[in-house]
Amino acid sequence: MTTDRPNVLFVCVDALRSDFALGEHGCEKPLFDFFDREGTTFDTMIAAASSTTPCVSSYMTGSYPPDHGVLSLRDFTLEDDVTTLAEVFDDAGYETNAHVTGPITADTGLDAGFDSYEYRTRDVTVYTDWFDELRADIEAASDPWFEYLHLWEAHVHRDLPPDATDDEIEYDASVRGVAEKLERLLEDIDLSNTIVAVTGDHGETIHDGTLRHKAAVIGLNQVPIPLVGKRTRHVRSDVEEALRAKGIELEDFYNSLRRFSGVDFPNAFHRVGHSYHVYDYLTRVPFALAGPGVPEGRSVGDQVRQVDVFPTLLSAAGLDSPSEVSGQDLLDGRIEHRPAYMRGVGSEQERGRWLDGVRYDGWKFVTGRDRNVRQLFDLESDPKERHNVVEDYPDVAARLEEMVEEHVARERELGEDDVSEEAEQRMTSRLEELGYL
C-alpha cells in the first residue's frame with residue numbers, strides 16, 4: 001500500500017455560517033485563526049442548497065444536484081454513475097472512514113467508497129464519550145487515511161458546550177463549542193502529514209438573542225389558536241397557500257421584516273432554521289484547509305462553490321480528479337469566477353414549491369417553479385439582500401434566469417424505482433426524528 005500520501009481529515013459542521021465561523025460576527029474561534037495562519041480560507045463558498053443532503057452530495061461528488069441526483073431531503077439517492085470522494089481515496093489505497101449523523105444515512109448512497117460508515121443518533125454528540133472514541137479511532141487508523149466527520153451540534157435544536165452562558169447567542173455558543181472540540185482533535189493528529197479541511201453544508205437563520213426577534217418568532221409561529229388546535233405557523237401557512245393559489249407570494253414581505261432586526265448580521269425575522277430560501281445567510285459557508293502543500297496565510301474573498309471542494313481536496317492530496325466534475329481546483333493558481341447554483345427545497349416533495357437561484361457576477365437571482373417568486377439582488381450595493389430590484393434590471397434578471405433554467409433542465413424525473421419503499425420509510429422516520437417533518 002502507498003504510504004507517502006498525506007492523510008485527510010474532512011469535517012462538515014452542519015449549519016455553519018461563514019460569518020460566524022470566520023469572525024465577521026460572534027466570538028473569536030481559535031480553530032479558524034489556525035487556518036488563517038497555517039492554511040487557506042475561503043469566506044464565500046456558496047452551497048448548492050440550503051438543506052443538508054443535496055449539499056453533502058455536491059461536495060462529495062463535485063457536481064450539482066441535477067447531475068448527482070440528490071435533489072432534496074426526499075429525493076435522496078445518488079445516481080449510480082457518479083464518483084464520490086471516498087471512492088477516489090479508496091482507489092488510491094486510503095483507509096476510508098465516515099462518522100455521520102442527521103439525514104446522511106447509507107440509504108443516500110453516500111457510503112460509497114467508505115470502508116466504514118458509522119451513523120450515530122441525534123443524542124450522540126461531541127460532548128459524549130463518542131468523541132473520545134472518535135479520537136482513538138483516528139489515532140488507530142492506518143496511513144494513509146481519509147476521515148469524513150459530520151457534526152450536528154450547531155444545527156437547529158442545538159447542543160451547547162457546558163460552559164455556555166446566557167450572554168452568548170445560542171448559535172454562536174454552539175459553534176464555539178464544536179470549534180474547541182475540533183482543536184482538541186487536531187492535537188492528536190500529525191499535522192505535518194495531514195490535510196485538514198473544515199466547511200459547512202449550509203447556513204442558518206438563528207435566534208439572534210434579542211427580545212424583539214424572540215417575540216417575532218414566537219408570535220408568528222408558536223402561539224396556540226383557541227378552539228382550532230392550531231398554532232400561528234399553521235394559520236400563516238394556510239393563508240400563504242390561499243394567497244399562492246391567487247398568484248400572490250409573501251416572500252418579499254417576509255424579507256422586508258428584516259429591517260426590524262436589532263443585530264448587525266443578516267438574519268430572517270420571522271423564523272429560525274434553513275431550507276426555505278437561498279439568501280446568503282442560508283447558503284454562504286466557510287471552507288478552510290491546511291496541511292502539506294496548502295498555501296499558508298492565504299485568505300480568499302472571491303466567490304467559490306461547494307462543488308469545488310471535491311477537486312480541491314484531491315489536489316491537496318496529490319490525486320487527480322475525474323474530468324466530468326463541475327468543480328475547480330481552488331489551489332491551482334487563479335480562481336475562475338463561475339456561476340454558483342443553489343436551491344431551496346428542504347423536505348418538500350412538491351417540486352413546484354422549490355426555489356432555484358444563481359449567484360454570479362455580483363448578482364443573485366432567485367425564481368420559483370410554480371410560485372410567483374422572482375427576486376434579484378445587487379450584492380455589491382445590497383449585500384444583505386433586502387431590496388428586490390428585479391423590475392429595475394430586467395436584462396440582468398433575464399440573463400440569470402436563463403442560466404437557472406438551463407441548470408434545472410438537466411434534472412431527472414423521479415422514477416418509481418429510484419427509492420425503495422423501505423428506504424423511503426426509513427428516511428421519513430429519520431426526518432421526523434430530526435424535526436424536518
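This dialogue walks through the chain as a whole and then through one residue, L376.

Reader: What kind of model is this, and how are residues numbered?

Author: This is a predicted model, in which local features need pLDDT of at least 70 and side-chain atom pairs count only at pLDDT 80 or more, while totals for chains, interfaces and linings use all residues. Residues are numbered from 1 along each chain as its sequence is written, and side-chain values use heavy atoms, with hydrogens and water left out.

Reader: How many helices and strands does the chain have?

Author: Helices (H or I, at least four residues) and strands (E, at least two) are DSSP runs, numbered from the N terminus, and the chain has 14 helices and 15 strands. The radius of gyration, taken over C-alpha atoms, is 21 Å, close to the 22 Å from the globule rule for 437 residues, so the chain is as compact as a globular protein of that length. That rule is 2.2 Å times the number of residues to the power 0.38.

Reader: Is L376 buried or exposed?

Author: Buried means under 20% relative accessible area, exposed over 50%, and partly exposed in between, with a 1.4 Å probe and protein chains only. L376, which lies in strand β15 (residues 374–378), counts as buried because its relative accessibility is 0%; of the 437 residues of the chain, 57% count as buried.

Reader: Which residues is L376 in contact with, leaving aside its neighbours within four places in sequence?

Author: Contact means heavy atoms within 4.5 Å, and with those neighbours left aside the partners of L376 include W363, F365, H387, V390, Y393 and L400.
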